[in-house]
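Please open the structure in your viewer and keep the selection tool at hand. This tour proceeds by stops, each of which names what to select and then describes what is there.

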Amino acid sequence: MTLLITTLDTETGVHNIGDDRVGKMKAAPWHPSNHIVHYGDKSITEEEVEVHAGGTFSWDKPAKPLLLVGQNIKFDVHYMMKDIKGFRDNVWPMCQLWDTQLAEYILTGQVKQYANLDGLSEKYGGTLKDDQCKDFWDEGVMTEDIPNEIIIPYLKNDVLNTEIVFKAQYQKAKELGMLELIKVQMTALKATTEMEWNGMHFDKEIAKKYAIELGDLKYEAASVCDMEAQTLFPHEFWENHWNMGSTAHVATALFGGEYKYKAQRPILDEDGNTTAYKSGVKKGQVKQKNTEIVEYTTGYRLKVKEKYKTAKGKISTSDAVLKDILKDPVPVGCAEFINALLDYRKYTKDISTYFKGYSDLVWHDGLIHHSLSHVGTDTGRLSSSKPNLQNVSGKEE
C-alpha cells in the first residue's frame with residue numbers, strides 16, 4: 001500500500017523554567033504550560049508548506065497509512081500526541097516514521113551522532129535558515145511572542161529543508177542497500193517514542209520514606225567506618241581531616257603509608273622556642289601558622305596486589321577492589337571497615353541517584369519521561385538518559 005509521505009515540524013512553548021522546572025529542556029513536551037504554538041506540514045506531492053498557527057489543532061489529513069518525516073521527530077510526535085485532536089488515536093497507530101537524524105547516523109556507520117538540521121541541509125543542498133528565532137529564544141522571549149513574520153518563515157524553511165534531506169537520504173539508502181535496515185530502525189524508533197510517552201510511574205512520597213530509612217542506615221555505616229578509622233590515625237587527623245570519600249585516605253587505611261594534612265603549629269624562633277604576640281588583643285598568645293604535617297600509619301597492613309593498581313599506578317579503592325580484599329583473611333576490624341564503607345557507598349548512591357535523583361525528574365503527571373536515544377553511541381546500541389532507566393537494579397534488598 002502506498003504511503004502518504006508528509007514532512008512536519010513544530011514550534012512549541014519554552015516554559016519549562018522557574019521553580020516548577022523539571023530537567024533542563026525548556027521546550028520539554030511534558031511541561032503542562034508547553035504546547036504547540038505553530039506547526040507546519042507538507043505532503044511530498046504538494047508545493048507549499050501548510051502552516052497551522054495558534055488555537056486548537058486537529059489532524060485533517062486523509063485517514064490512510066502515513067510516513068511522517070522529521071528531524072528528531074519524536075519531539076514533534078510527542079507534542080502532536082498531546083495537542084492535536086485525533087492524532088494519538090487515529091493517526092499514530094497507522095503511521096511510520098523517518099527521522100533524518102537517525103537516518104544520517106545509520107548512513108554514516110554510527111559516526112554522525114545527533115546530526116543537526118543545519119548541517120544536514122548544508123550537506124544535502126538545503127537552505128540555511130535565519131537565526132532570528134534563536135536570538136529571540138536566547139534572550140528569553142517566549143515562542144508565543146515571536147512575531148509571525150519571523151517565526152512562520154523559520155518554520156516553513158525547516159519543513160522544506162527536512163524534506164530535501166529526506167529525499168537525498170532515501171536515495172542514498174537505496175543505492176547502498178541500507179533501506180530495509182533503516183526501516184527496521186525507524187520501527188524501533190516508533191516503539192521507543194511510545195515508551196517515552198507512556199513514561200514510568202514514580203511515587204515521590206514512597207521514595208521520600210525510603211530515602212529517610214536509607215539515610216539512617218547510611219549514618220550507621222558511616223559511624224562504623226569512622227570508628228575503625230579512628231584506631232588507625234591520630235586524633236587530630238581523624239577529627240579534622242579524615243574523609244571516607246577520599247581514595248587516598250581509604251587506601252592509606254587499608255595498606256598503610258605516608259599521608260599529609262595541614263594543621264596549626266607554633267611559630268618558632270631561631271633557637272627553636274615558641275614565639276608570642278607582644279601587643280594587641282592577642283598579647284601573650286603563641287603565634288601559629290598553617291603547617292603541612294607528614295605522618296605515617298601501618299593501616300591494616302594489607303598487601304598491594306598489582307590488580308589493585310590503576311593504569312597510572314595508583315591504588316584503587318573501588319568496590320571491586322574492596323570485595324576482592326574480603327576474599328582473603330584480613331586483620332581484626334578490616335572486614336568491618338570495608339563492609340561499612342561498601343554499605344555507605346551503596347546507600348549514598350541509592351539516595352542520590354534513585355530516591356532523590358528520580359524524584360527530581362518526576363513531571364506533573366506523576367511520570368518520569370526518560371530519553372531513549374538511537375543516535376548517541378559508537379556501537380549502535382540504544383542509550384537512556386534523564387534518567388538512565390536501563391541501569392536500574394532489579395534486585396530487592
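The stops below cover a strand and its partners, the cysteines, the aromatic rings and the charged side chains.

**Before starting**

The model is predicted, and therefore local features need pLDDT of at least 70 and side-chain atom pairs count only at pLDDT 80 or more, while totals for chains, interfaces and linings use all residues. Residues are numbered from 1 along each chain as its sequence is written, and side-chain values use heavy atoms, with hydrogens and water left out.

**Stop 1: strand 1 and its partners**

Select residues 4–12, which make up strand 1. Helices (H or I, at least four residues) and strands (E, at least two) are DSSP runs, numbered from the N terminus. Is this strand mostly covered or mostly uncovered? Strand 1 is mostly covered, since nine of its nine residues are buried. Here, buried means under 20% relative accessible area, exposed means over 50%, and partly exposed lies in between (1.4 Å probe, protein chains only).

Display the side chains of the strand. L4, T6, L8, T10 and T12 point one way, whereas I5, T7, D9 and E11 point the other way, and all of them are buried.

Next, add residues 66–70, which form strand 5. Two strands pair if DSSP finds at least two bridges between them. Strands 1 and 5 run parallel and are joined by four bridges. Within this pairing, L66 of strand 5 stands opposite L4.

Then add residues 36–43, which form strand 2. How does strand 2 pair with strand 1, in the parallel or the antiparallel sense? The two pair in the antiparallel sense, over seven bridges. To locate one position in this pairing, select T10 and find Y39 of strand 2 opposite.

**Stop 2: the cysteines**

How many disulfides does the structure hold? The structure holds zero disulfides, a disulfide being a pair of cysteine sulfur atoms within 2.5 Å. Select C334, which is in no disulfide: the nearest cysteine sulfur belongs to C225 and is 10 Å away. C334 counts as buried because its relative accessibility is 0%. C133 also counts as buried, at 1% relative accessibility.

**Stop 3: the aromatic rings**

A pair of aromatic rings is described by the distance of the centres and the angle of the planes. Rings of Phe, Tyr and Trp (its six-membered ring) pair if their centres lie within 6.5 Å; planes under 30 degrees apart count as stacked, over 60 as edge-to-face and the rest as tilted. A search of the whole structure finds 20 aromatic pairs.

Select F202 and Y358, which form an edge-to-face pair with 5.8 Å from centre to centre and 65° between the planes. This pair links distant parts of the chain, 156 residues apart: F202 is in the loop between strand 8 (200–201) and helix 8 (204–230), and Y358 is in helix 12 (residues 334–359). F202 is buried, with a relative accessible area of 15%, and Y358 counts as buried at 5%.

Now select F233, F237, W242, Y259, Y261, Y300 and F337 together; these residues form one aromatic cluster.

Rings can also be viewed together with charges. A charge sits over a ring if NZ of Lys or CZ of Arg is within 6 Å of the ring centre and within 35 degrees of the ring normal. Select W92 and find K190 over its face, at 4.9 Å from the ring centre. Then select Y277, where the charged end of K287 sits over the ring, 5.5 Å from its centre.

**Stop 4: the salt bridges**

Side chains of opposite charge can pair when their charged atoms come close. A salt bridge is a side-chain nitrogen of Lys or Arg within 4 Å of a carboxyl oxygen of Asp or Glu, and by this rule the count comes to 16.

Select K123 and E104, whose side chains meet in a salt bridge (2.5 Å, N to O). K123 lies in helix 4 (residues 117–124) and E104 in helix 3 (residues 100–107), so the pair ties together parts that are 19 residues apart in sequence. K123 is partly exposed, with a relative accessible area of 45%, whereas E104 counts as buried at 2%.

Move to helix 12 and select D350 and K346, which form a salt bridge at 2.8 Å, N to O. These two residues are separated by about one helical turn because they are four residues apart in helix 12.

Finally, select K42, E163 and K167, which are linked in a network of salt bridges.
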